[in-house]
Each structure stands twice: as C-alpha cells, then as structure tokens.
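Me: I have a model open and would like to learn how to read its features one by one. Could we start with a charged pair and work outwards?

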Amino acid sequence: MTEVPLRRSAARVILVDEADRVLLFRGWDPVTPEVRYWFTVGGGLRDGESAAEGAAREVAEETGLAVTPADLGAPVWRDVAEFPFDGHRYRQEQVFFLLRAPAFEIDTAGFDPVERRSIDTHRWWTVTELVAADEPVYPRDLPELMARLLSPAGGEIGGAGAAVADGKGIHSC
C-alpha cells in the first residue's frame, strides 16, 4: 500500500477492573481476517467531538458502560499509529484515558457494522498476560504503560492535573 495515509484522530480507553486487568477486544482487518490482534476500547472522533467526549461515547458503544467525559479525567498517554484497515492506510493520532471500573458484563450491542464484522471476542488481561500474549496487542507499549499506571508511584494518573506521557514516536500496527 503506497497511498498517503488518511489522517484520523482517536480516543482510546485503558479500562481497568478492580483486579488491575485491562479490557481488550480481539479483531482483524477485513482485508486480512487471518491476522488477529488485541486492542483497547475506543475509536475515531466525530467532527467537533473532544477526545474525552469521544472516549466516553466509545466506552458506552463498545461495552455498555455509561460514563461521562469528566469520569475519564485527563489523558494519560498519547501516540501516533500507522496501520492498514479495510483497504486504506491510516495515520492515527490517539489520546489514551485511564478508567477504573469494577468488572462487568460487556454489552457489545452498540457495535457499528464494521465492528460487528471485525471483532470476535473480548477479555480482561493482567500485565503478565499481556507480556505473554501470543497475538499482537496494541498499543505495543501497553504492558509497560499498564505497569506504570498501576504502580503505587503512578499516583492519581488520569485525574485532574495528571501529566501526559507521550508514546515513543510512530509505530505501525
């Protein structure tokens, strides 16, 4: 694919339960359905939507959990990913929020048609399980990011005034 990547802004959520496990979905590019990978809750922003508004909307659509933008606090990480999807190449600038919630029954009724045809399951992962995963996990830095966010020294990550860590440049998915 040699085309110029389509630019896209996204908001993603590192949704962590009381056992310090992160919720991930398993999906694939419809062009290469044999290649499966895991990724965080979230997606592209709509026109005029803030990152926090988009993240709250995506949490509700993808999990059934209703949250407000204020529930998300400040972003905890930013990065840029380049990846192919459904015949296009994207350059996605993405902001990550940390959201803690008790484990709950995931409701994917809000999936859009593309999500319904390209996501087959979800599960809660520990940091140890992320490190040992036999399928790719995105963002690639998620195990290290989780360890930092969940450490006692991590403090009130995601709350008002939290520092935003930047990703290590561009990565390809």
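Reply: Start with Arg21, and note that this is a predicted model. Arg21 has a relative accessible area of 26%, so it is classed as partly exposed. Buried would require a value under 20%.

Me: Which residue forms a salt bridge with Arg21, and how far apart are the closest N and O atoms?

Reply: The general idea is that side chains of opposite charge can pair when their charged atoms come close. In this model the partner of Arg21 is Asp17, with 2.5 Å between the closest N and O atoms.

Me: Is Asp17 buried or exposed?

Reply: Asp17 is buried, because its relative accessibility is 1%. The salt bridge therefore joins a residue that counts as buried to one that is partly exposed.

Me: How many salt bridges are there in total?

Reply: The count is 13. Take the one between Arg36 and Asp120, where the closest N and O atoms are 2.9 Å apart. Arg36 belongs to strand β3 and Asp120 to strand β6, which covers residues 119-125, so this pair ties together parts 84 residues apart in sequence.

Me: What are the accessibilities of Arg36 and Asp120?

Reply: Arg36 has a relative accessible area of 25% and is therefore partly exposed. Asp120, at 37%, also counts as partly exposed.

Me: How far apart, N to O, are the side chains of Glu129 and Arg123?

Reply: They meet in a salt bridge at 3.0 Å. Glu129 is partly exposed at 33%, and Arg123 is partly exposed at 30%.

Me: Which residues are linked in a network of salt bridges?

Reply: Salt bridges link Arg46, Glu49, Arg57, Glu58 and Glu61 into a network.

Me: Now the fold. How many helices and strands does the protein have?

Reply: There are five helices and eight strands. To read the fold, write down the order of elements and then ask which strands pair. Along the sequence the order is β-β-β-α-α-β-β-α-β-α-β-α-β.

Me: Which way do β1 and β5 run, parallel or antiparallel?

Reply: β1 and β5 run parallel and are joined by eleven bridges. Within that pairing, Ile14 is opposite Leu98 of β5. β1 also pairs with β3, this time antiparallel, through four bridges. There Ala10 stands opposite Gly44 of β3.

Me: What share of the residues counts as buried?

Reply: Of the protein's 173 residues, 46% are buried. For a helix, the next step is to ask where its buried residues point. In α5, residues 142-150, the buried ones are Leu142, Pro143, Leu145, Met146, Leu149 and Leu150. Viewed down the axis of α5, they fall within an arc of 165 degrees, so they line one face of the helix.

Me: And the loops? Where does Pro75 lie?

Reply: For a loop residue, check its accessibility and then its contacts across the sequence. Pro75 is in the loop between α2 (69-72) and β4. Pro75 counts as buried because its relative accessibility is 16%. Leu98 is 23 residues from Pro75 in sequence, and their C-alpha atoms are 7.3 Å apart.

Me: Is Phe111 buried or exposed?

Reply: Phe111 is buried, with 6% relative accessible area. Phe111 sits in the loop between β5 and α3. Its C-alpha atom is 8.7 Å from that of Thr63, and the two residues are 48 apart along the chain.

Me: Last topic, the pockets. What is the volume of the largest pocket?

Reply: The largest pocket has a volume of about 810 Å³. Of its 35 lining residues, Arg8, Tyr37, Phe39, Phe83 and Phe85 are the closest to the centre. Elements giving two or more residues to the lining include β1 (6-16), β2 (22-29), β3 (32-44) and α1 (51-63).

Me: Which element gives the largest share of that lining?

Reply: β3 does, with nine residues.

Me: How do the lining residues divide into nonpolar, polar and charged?

Reply: The lining of the largest pocket has 15 nonpolar, ten polar and ten charged residues. Arg8 is one of the residues closest to the pocket centre.

Conventions
Residues are numbered from 1 along each chain as its sequence is written. This is a predicted model: local features need pLDDT of at least 70, side-chain atom pairs count only at pLDDT 80 or more; totals for chains, interfaces and linings use all residues. Side-chain values use heavy atoms; hydrogens and water are left out. Buried means under 20% relative accessible area, exposed over 50%, partly exposed in between (1.4 Å probe, protein chains only). The arc is that of the directions from the helix axis to the C-beta atoms. On a 1 Å grid over the protein atoms alone, a cavity is a set of points where a 1.4 Å probe fits but cannot get out, and a pocket is an open set with protein on both sides within 12 Å along at least five of seven lines; lining residues have an atom within 4 Å of a point. Grid points are joined across faces, edges and corners, and a volume is the space filled by probe spheres set on the points. Ala, Val, Leu, Ile, Met, Phe, Trp, Tyr, Cys and Pro count as nonpolar, Asp, Glu, Lys and Arg as charged, and the others, Gly among them, as polar. A salt bridge is a side-chain nitrogen of Lys or Arg within 4 Å of a carboxyl oxygen of Asp or Glu. Two strands pair if DSSP finds at least two bridges between them.
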